[in-house]
Structure formats: C-alpha cells, structure tokens
Number of protein chains: 2
Amino acid sequence: MSYHKPEAKTVQDLKDLAQKLRIHSINATQASKSGHPTSCASIAEIMSVLFFQQLRLNLKHPRDPSSDRFILSKGHAAPILYAAWAEAGLFPIADLNNLRKIDSDLEGHPTPRLNFIDVGTGSLGQGVAVGAGMAYVGKNFDKADYRTYVVVGDGESAEGSIWESLHFAGHYKLDNLCVIFDVNRLGQSEATSLQHKLDVYRDRLEAFGFNAVVVDGHDVEELSKAFHCAAITKNKPTAIIAKTFKGRDFPNIEDLDNWHGKPLGDKAAEVVKHLEGLIVNKNVKLTPKPVPKTGAAPDVDINNIKLSSPPAYKLGDSIATRLAYGTALAKIGQNNLRVVALDGDTKNSTFSDKLKNLDPQRYIECFIAEQNLVGVAVGAACRRRTVAFVSTFATFFTRAFDQIRMGAISQTNVNFVGSHCGCSIGEDGPSQMGLEDIAMFRTIPGSTIFYPSDAVSTERAVELAANTKGVCFIRTSRPNTCVIYDNEEPFTIGRGKVVRQKSSDEVLLIGAGITLYECLAAADQLEKNCITVRVIDPFTVKPLDAELIIEHGKQCGGRVVVVEDHYQQGGLGEAVLSALAGERNFVVKHLYVPTVPRSGPPSVLIDMFGISARHVVNAVNEILKD
Amino acid sequence: MSYHKPEAKTVQDLKDLAQKLRIHSINATQASKSGHPTSCASIAEIMSVLFFQQLRLNLKHPRDPSSDRFILSKGHAAPILYAAWAEAGLFPIADLNNLRKIDSDLEGHPTPRLNFIDVGTGSLGQGVAVGAGMAYVGKNFDKADYRTYVVVGDGESAEGSIWESLHFAGHYKLDNLCVIFDVNRLGQSEATSLQHKLDVYRDRLEAFGFNAVVVDGHDVEELSKAFHCAAITKNKPTAIIAKTFKGRDFPNIEDLDNWHGKPLGDKAAEVVKHLEGLIVNKNVKLTPKPVPKTGAAPDVDINNIKLSSPPAYKLGDSIATRLAYGTALAKIGQNNLRVVALDGDTKNSTFSDKLKNLDPQRYIECFIAEQNLVGVAVGAACRRRTVAFVSTFATFFTRAFDQIRMGAISQTNVNFVGSHCGCSIGEDGPSQMGLEDIAMFRTIPGSTIFYPSDAVSTERAVELAANTKGVCFIRTSRPNTCVIYDNEEPFTIGRGKVVRQKSSDEVLLIGAGITLYECLAAADQLEKNCITVRVIDPFTVKPLDAELIIEHGKQCGGRVVVVEDHYQQGGLGEAVLSALAGERNFVVKHLYVPTVPRSGPPSVLIDMFGISARHVVNAVNEILKD
C-alpha cells in the first residue's frame, strides 16, 4: 500500500471544507452564545482530512460495528464534530444552530444521545482509553479491519490517564489505533506547559511505544501522508503530533490568550467573512468513504447470558464471595465467547483469573492503571461488542470515579466488581479497604449495585449483571462467608430476602456481606434473652427493595437497625433511610465504620469499629427503649 | 561538590545493614503472618544507602521541617521502612515484631499515626505527587536545603498519576527531588509490562524532564554515586532507575512468580540463615546524618488565619459564590504569606486567579492533571508548611477521589474548592456538572463540607476552612446568587441559619446554593395561598446542624422538604435523613437531580430536573396531604 499524493483538487476541496467547518463552528456558537469556537478552529484540517478522506463510515447506521471509530477526546470542540457529520450528510446543516439548546441533542459536549457518538467526552483525558479498548477488541476479538481514531487536546495530554492508555496501546501493539494530538499551544487559562515543544511530545510518545509523526496540523497534505503512514505501520500504534494554532485563521484571535470557551461575539461576522474569502469552491461537497465489504466485524450475540451450570454449593459451606465471583465469571464465559474480564494486576485477589484460566485470550491485563482499566472496558463494551467485567479492590475504583461517572453519560453497560470491601479485610489496613465504594456507585445514574452475602447469590448477581443495562457494581468480600441459600434460590434485582423471621419480631435488622452474618449472630444471642428480630438481606442496594423493608419494618414496630462495613455516608444505611423517607413512625439505628480503621485481625476490627454482633445486640436493646 | 567513593568499610557496612533490613522484614512478616517481604528485599540496598548515608534526619523530631523527606510510595514495603527507622534508633528493633498488630501503629501500610511518616501510602502511584509538593515548597517557599526522596515500585509506575507528577516536577525543575524506581520486574499477579527494560524507563524519564540514572539497585556503590549525581544536578529532578530483584538474596524465591504479598512461612528460617551468612559484621551499627544547621526551613505560623477585611457586600447584590471564593482567598492570602492556591487550568473559572493576581509566587499552576494537583497540595501542606487551597470544577475532583481518600488517611488539612456544581451550570452539559461531589466528600473521614449560598457566607467559609483540621470542601456555584446576610453575620461550622420563619409554618424547607433561593421563591408563592413555610440554610452539610433541623422540623409538624442541585445519593438530602434517623414522626420529601442532565439554560434545567420553586411548591402541597 504505497502512498499516493492526493490530487490538487482534492487538497483544495479538503482545505475548503476545513474552512466551512470553521464557519459552522462559529455560527453554531454564536447561536448558542456559548461554546469553544477557537478550540474547533485548531482541528479544522484534521477533521476535514479525517472525515472526508480517511474514515470509513456508514451514514445510514453510524454505529455500524464494521465502521471506523472516532472519538473526540477534547469534547469541548463538539461543534466542529457536529459540523463534520452534518457536512457528511447525516443531518441538515441548519440543525447546527440548535447547538446547546434544551430540545437538541447537539449538547455542549458530545454524548451518545446522538447516534453517531459512542461515548461521552468533556471530562478530559479519557478518549484514548476508550479508543484503546475499541482497538483492542477490533484487533483481538473482532479481528476486523476497522480503525480507531482519537483526537486529543494538548491541554488534556497532561492527564496521567492519557499516559496510562498510551502505554497500554503501545504494550499491546494496537496498530489499528491512531491518536492525533492537537498541539494548539493554549489551555483554558494560560499556555500549556509544553506549548509548541513538538520534539518533547515526539520523544515521550516514542518512549511510550508509538510511531510518532510530527506534522503541520493545518496542512492537509501532511496530514494525509501521516494517516497513510499510520495505516501501514504494523505492531505499533501511531501518534500524529499536529502543530496547530488555537483560533486558526481567525484574524486578531489566532494564537492569542483569553479566547478559550468564548463565542466570537461581535467579531464573528468579520471572521466569517475572512474565512469565506479563503474558500476557493464555495459549493465544495465531499462524502466520507463507505465501509468496505471485506474485513467486517462478525455478528455478536450478547443477549441472555447464563451460567453454564447452576451454583453448586452445600448449605453451610464457607466461601468468599470474591471467589464465587471468579467461579461465576468463568461459567458465563463458558456460555458466551464475548464475556471478557479486565483487571489491574489483582486478578489473583479478585479471582478474575478464573476467566483467564478458562481462556487467556479473553482476559485483558491492564496492569496497575485503574483509569485506563475502566476506560478500556468502556471502549470494549461499545457497540455491544463485549460483555465486560472489570475487577480490582473496591476502593481502587475511586481512582476511576471520573471515568465511571462519564461511563454513565456514555450509557455504558460495563460491570464493575470490587473485592476487599470494608475493614473486614484485616491486616492490610485502611488504604486497601473499600469503605466508600457503595456511596460512589450509588451516585452513578442508572446503576445497579449488588451486595451479595453468600456464594449462591454472588453467582446469580454475576449472571444478572451480565444482562443488565447501565453500570453494574458487585461488591465482594475477602473473608469466607457461609452459604445460606439453596442452589435453586431465585434472585431478582430489587428484591431482598427475609432470612430470619418470627411473628414476635420486634426489630428489623438489615445487613449485607459480612454484616448479614453479624446480624444473624446477634439474632441468636438476642433470642436467648427472649428478643426476636427479623433479618433482611437486601441483595441489591440499588435498587433497594423498599417495599419489603417498609412491610417488615412496620411489622417490627418501625424499628430498624442497619449494619454495614462501609462509612456512614451514601451506603446501605442511607439507602435505607431514603427508602423510608416518606414513612412516619420509623426509627433507624445505623451502625457503620465511623472513622479511618487500622491494621488488625478482621474480627477484632469489626468489633473495634462498631459493626460486630455485639454492637448489633446493643443497638437492638437501645432501639427497644425508644 | 565532587564525588568521593565511600571507603571499603562503609560499603561493607551498608551491605551488611541491607541484609539486616531484609532479615527484619522477614521476621516481622513472619510474626504478623502477612505482608510483603519480597517487596522489601528488592529495596534493601536502596534503603540502607538512603537511611545510613544520604538522608539528613532528626531522630528526636522526625517531622523536623528542615530534615529531608522520604516517601515510600510502594507502601506495601512498609516493614523495611520500619526496620530502617528502628535500625536508626528511633524505636526498639523488637517492636518490629508488632507489625500489623491491632495495638501497634506499625500498620500494614504506613500512616502518619507514626511520627516518622508524613503521608499514608498503599494506594499506589501517589507518592511522587506528594513528594513533588514537598519539593516545590522546599524550593520556592521555604527556600531551604532539605531534599525529598520517593521510592516508587515498577508496578505502580503504570499509574498515570506518576506521569502527571513527573511532568510537574520536570516542568518546575525540582532539582531537590529524587525519585527512585525500584524495577524489580514482578507485579502482584504477573511480571510488569516493562519487566527489566531499563532503557525504556530511562527514555521515558528523560523525555519527562528528568536526569535519569540507571543503576544496579543492589550495588551500594552505584547507588551512592547516583545519589551524589542527583544532589549536584541543577534545574532538573533526578530519577534513579534501579535494576533490582524481588525477593533478592532469598534462595529459590528471588525473581520468581507467586511470592507477592506472602510471608516466607516455613522457608523463613532457611532464608534468614542464608542472609546471616552474607553479613560480614554482625554488629554493624550506622547512624543517619543529622540535619545541618545551615539551609534550615524558616519558622512558619499558619494559625488563626483571618480575612484581611470583612465581607463588603450590599444585601441584594448578585454575586456568584465562586467569585466570592476568589475574593476571600486573596483576603486571607493578604494576611498570611503561607496561604497558597493550586488549580488545574481552571483558575479563571474558579477564581483562584485572584490569589495569583495578588501574588503570582503563591499560585501553583498544576495544569490539567487533577490527581497530581491534589497530591501536590497534600505534599505542600505536610509539616504545616502551607495552608493549601485546591480548586477545580467540583466534578473534576472525582478524578482524584483516591488521592482525597488517601488524604484523610494522611491526616491532611488541604482545602478543596469545587465550582460549577449541579445542573445550574447550564449549557456546558453533564460532563461539567458536579452532581456527586457532596457524596464523595461526605465519605471522607473527618471532612468538613461548606455549601455557602451567598457571598458573605462564602467568605466566612473560606476563613473557617483555613483554620480547620482535616479535609475541607467548599462547594461553589456558577450562577450569581443574592446576598442575604449582613456583612457582620457570624458563621460557625455545624450551625445552620433559619432564613425565613413564622409561627404558622407548616413545612420546613432546606436548600443550599441555588436551591436555597428556589425554596425562598417557593415560600413566597405558597404564602399567596396562605401556606407559610420555614427555610433553613445549613451552611455546612457536614457536620450538619441536626439540632436546628430537628427543632424546627418538629415545629413544622415533622414535614421536611430538602432540595439540592445534586444526585439523590449521599448529598444534602441523605445527610438530613441521617440526622433524622433517630426521630419518629418525620416525613421527608427529597428533590434532587434524578438522572443525567443535559445542555440548556440553567433556569430551564433546574425546572426540567425537578429542583425549581415550582417543584418545591408541589412538594409542599404533597407533603401537607400526609
């Protein structure tokens, strides 16, 4: 595949189209009275060459699994992305003037509410991870010809997440990935730290395993050649380092400070006139390349995923839920070849290695880089190519909270599995304890949170998560817990289980994971003193089975004790309080980890930090005085 | 300062001491039956040379502001760090056997419960940011001779946060910082991605602005020379890339898989015997260098920080709380030269640029790299050297949740200021909206959360935060809000304000930021229909003024409506529910942003997402039916 210089007419057409994209970006942001026209201007030639010379697109079905992927990591340049798709013919140019309007999906930053957007961007530094996930799937699972392009701003290239992803892409030799750095020199509030030091970018990218090509980002011929170089380079991803200028071709604005995120206002007309003067053929019309028939992505069915065999435990067996997670993951992996696991070098603790043992090809080691781990999973799950399970210690997902948050905006279906929750992990100490993970995942719009307490319910949680839309989180525990459910027990999202009840019950106890067992132990002790209590296992914390809790809470005199191995805020306890907010005549005692724990044996810690059976007994005695 | 090769005896002593440190690490982890002896073994020579040849320490006062700083970023190697301090004479060697015991502060990973630890480590990839913050302060504020050393594991060097920090250190030419990479080839569950490719590390570090020196990490002479090279290298930080072996000198364990995070068990005795055989002088005793008299850090007083002048607004003025933050920051900066501001290229949005305008030296631009931003602030605040205010958009703090979480373990006093909260930011869309920030900061143990509603209370929040221990978070809003407090109004943490009341009030409304004004508007409308309601401004969400809410809630028939520009989970609403958990006879309606918002005008969005005055009126009418 040797390089053919584009014809002079093509070059001029691409230049003209770039100017049209600039004009659209100005007009749209004038209409919306907000937005980032200067950040659009620096990538006008990049977008023109990409959309009208490089990308192979299906305008009838923008999320065609076989079409090239494009991610605008610098999401604030959304207007020019919308303009490119409009110029390509996906929707009328006139719609661009609806930018940022309440009834338009042409939002300030791109979201998948638009059918040509795979993931939301706008929180910077996340596009490369997603692109790397797509490229990994394209190369290793789809084995298809589609390529993935990511446009990154130079400002956002300070984000460490980018370097995690570049390392990942280099390590896995993702030669179907091309990352374009728009080095326009200016950030929001001042110049970037590297300004136009293109050699520094090149040295860094080469050291991170990339084929790095420096170009004049406003020269369509140089860009064209660089993309060709990217396409023929094997065993390495390519970075195109484009020297550009913010507000390019905007007289008295180009390359100047204080023009970030501002429409041009009363300068707009003059700038548009200038740009129009630069256009040779006002009627220029170009069409993106179609998706070739060869090298297509295979059909994939990720519906109705089932465990290959039902849970097979004995009541009373002692098994950690984290181990049951691994078992279940391998079981659904046996039944569906698109189930994949990703982990950050904790696979022998989270037990995601059970899928690796089954099929090494379907395990993606992301090493110790949780932001990229999550981003790659989001990319891998795009266009319904895979069912992705991401695992690490529950608390290390805090490292990727922003990526998970953006995952919800991206409408991702990624499943997160966090092990080592709570102070019950013991001696490793507070840095390793997940004590805020439920709070974090509860805030994710549309999320489902499983907190299974035994191996049977864990296996069912995994099966349910695989088939559930939106972000799912499964919280697993380090210590062994007793199997309390029959292998045939059915589990449903949003339905809890009453695990102990008598008609004489005076207090309702709610626990999950290790605290469910503390509740049961407390119930035993209390019964010796002729106090009977009911115990509920919520199974899912979100949605929480409010109906069940209200019904049984009322039967227990409106007395509820919630116990959790988590901080006070945003966890199971406050979920219960939210469920009861509309009910008078309830009183809730909430036992939780009140402060930073420390190293020590699990049983000592759960007692020291107030969530052991002894404390549950005390809370019941207290609440009965109410 | 030319290099003098250490004498043969010194070299042998350092070698012997390294072996002693290995033995202590084995014995301690044998006693605790958990821990990471092989991760200790790879850095034994590094620790020996650092502690007994390089670091200038004050054993009587380990946090002497003039002494060298040492951070073990790979916190799981804690036993050898403890062993080094014990060998240095800080505490008895015998105490090492209390490792990980419930009544010992020698925890599984280091925390500042120990007087020789500045920050908690154990969540990987955070040490360089903290070290860079210390070095920045040493070079630019203290202008002192102390140096900062950080030991980083090769596994954790995959964390992007590390590369953010390396870039920061290179950019600011922190030649008083030395980062030692312990390249021991093995991660937890498999080999690292780069294994022993030392040239790749060197190329990357050089490209990131470091003086990069590759050494045999088990050769004390090479280490000694490298540290000298670091000390004399100007205008560049130094990275020492140490080729090491995990489990070094542990026969049949060294450089082998499956030995991460495990005590040696029944192999321990044999290994210790082998190590003892390698020691020439069993009675070797070395002492760390003392802190020199010259180049000391200045005395600093960061107590009792005050606004240089009281708030100066007119009732009814319309001023964004984010702007009032900038004003207050400059005012406390005027009064105390150790008030510093850090931001991630959003200073003209958060208004932290007001301190930069006052004194450019006290503003630290961290560019778009929020994890490093937070880590640098934590480092800058260590040993009470500065009062650090860190600002960015509220939602972008999610990027650094793990760093903030570790900040609490580190007992940091950093103040976080998050602007652009909620859907009321408008057209920029959901990626820019802080809708989970209160939930996040509420989970931080010991945190204080201010959510001021007007300019006067914002200025007082800043003043209070500057003097408050632990993590403080101030949530500021983008839109202008009305000044409702007199300039003389006193504010106290944990005390809310009743901003509207009549004896006939039937419902208690609680709002903060823009929703306080929606509550007040709703109250006006309701009054036209002869319904009067009380309105509370909580001022701090944590601690929340439970007493005030209960008292006034009871006076309003136990009917409470909480309205917030935040998701349902973990925010003001659930804080109120937690405050009322122990009270029967309350009913709470909670208005919140129920799903991912979109782009649009602020007033349209707050109505569309259910938190406008109209919805408050409806909620009041509904709750009155109860």
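**Group meeting talk: helices, a core and some odd backbone spots**

Okay, let's begin at the end of a helix: α18(A) is followed by A:Gly557, and the phi of that glycine is positive, near 70°. Before I go on, keep in mind that what we have here is a predicted model.

So what about the helix itself? α18 of chain A covers residues 546–555, and its buried residues are A:Leu548, A:Ile549, A:Ile550, A:His552 and A:Gly553. What covers those buried residues? The cover includes four strands of chain A, β14 (497–500), β15 (507–511), β16 (533–537) and β18 (559–567), plus the helix α19 (572–579).

Now step back to the loop between β17 (540–542) and α18 of chain A, where you'll find A:Pro543. The peptide bond joining A:Lys542 to A:Pro543 is cis, with omega at about -5°. Flip over to chain B and look at B:Lys542 and B:Pro543: that peptide bond is cis as well, with omega near -5°. B:Pro543 sits in the loop between β17 (540–542) and α18 (546–555) of chain B.

While we're in chain B, have a look at B:Phe539. Its phi is positive, near 65°, and this is a residue other than glycine. You'll find B:Phe539 in the loop between β16 (533–537) and β17 of chain B. Is B:Phe539 buried or exposed? Its relative accessibility is 0%, so B:Phe539 counts as buried.

There's another one of these at B:Asn235, which isn't a glycine but has a positive phi of about 65°. B:Asn235 is in the loop between α8 (220–232) and β5 (238–243) of chain B. Here the relative accessibility is 48%; partly exposed runs from 20% to 50%, so B:Asn235 counts as partly exposed.

Right, on to the core. How many residues does the largest nonpolar core have? It has 173, and the residues with the most contacts inside it are A:Leu342, A:Phe416, B:Leu342 and B:Phe416. The helix that gives the most to this core is α5 of chain B, residues 127–141, with eight residues.

Let's zoom in on B:Phe416. If you leave aside its neighbours within four places in sequence, B:Phe416 touches three other phenylalanines, B:Phe397, B:Phe441 and B:Phe473. Its contacts also include B:Val374, B:Val390 and B:Val471, then B:Ile404 and B:Ile474, and finally B:Cys472.

Next, helix pairs, all in chain B. Start with α5(B) and α13(B), which is residues 370–381: their axes come within 6 Å and cross at roughly 50°. That angle makes α5(B) oblique to α13(B). The crossing is right-handed. On the α5(B) side, the contact uses B:Ala129, B:Val130, B:Ala132, B:Gly133, B:Met134 and B:Val137. On the α13(B) side, you have B:Asn372, B:Gly375, B:Val376, B:Val378, B:Gly379 and B:Ala380. Sort the residues of that contact by class and you get eight nonpolar, four polar and no charged ones.

Now, α13(B) also packs with α6(B), residues 160–171. Here the angle is about 65°, with the axes 8 Å apart. These two helices are therefore roughly perpendicular to each other. α6(B) passes α13(B) in a right-handed crossing too. From α6(B) come B:Ser161, B:Glu164, B:Ser165 and B:Phe168, and from α13(B) come B:Glu370, B:Gln371, B:Asn372 and B:Val376. By class, the contact of α6(B) with α13(B) has two nonpolar, four polar and two charged residues.

Last pair: α1(B), residues 8–32, and α3(B), residues 44–54. Their axes come within 8 Å and cross at roughly 120°, so α1(B) and α3(B) are oblique to each other. This crossing is right-handed. α1(B) brings B:Leu14, B:Leu17, B:Ala18, B:Leu21 and B:Arg22 to the contact. They meet B:Ala44, B:Glu45, B:Met47, B:Ser48, B:Val49, B:Phe52 and B:Gln53 in α3(B). That contact has eight nonpolar, two polar and two charged residues.

And how many of the residues of α3(B) are buried? Eleven of its eleven, so to speak: the helix is mostly covered. Among those buried residues are B:Glu45, B:Gln53 and B:Gln54, alongside B:Ile46, B:Leu50 and B:Phe51.

That's my tour, thanks for listening!

Notes
Residues are numbered from 1 along each chain as its sequence is written. Chains are lettered from A and ligands numbered from 1 in the order in which they are written. This is a predicted model: local features need pLDDT of at least 70, side-chain atom pairs count only at pLDDT 80 or more; totals for chains, interfaces and linings use all residues. Side-chain values use heavy atoms; hydrogens and water are left out. A nonpolar core is a set of buried Ala, Val, Leu, Ile, Met, Phe, Trp, Tyr and Cys residues joined through side-chain atoms within 4.5 Å. Buried means under 20% relative accessible area, exposed over 50%, partly exposed in between (1.4 Å probe, protein chains only). Contact means heavy atoms within 4.5 Å. Axes are lines fitted to C-alpha atoms, for helices over the stretch in contact, and angles run from 0 to 180 degrees between N-to-C directions. Angles under 35 degrees count as roughly parallel, over 145 as roughly antiparallel, 65 to 115 as roughly perpendicular and the rest as oblique. A crossing is left-handed if the near helix is turned anticlockwise from the far one by less than a right angle, and right-handed if clockwise. Ala, Val, Leu, Ile, Met, Phe, Trp, Tyr, Cys and Pro count as nonpolar, Asp, Glu, Lys and Arg as charged, and the others, Gly among them, as polar.
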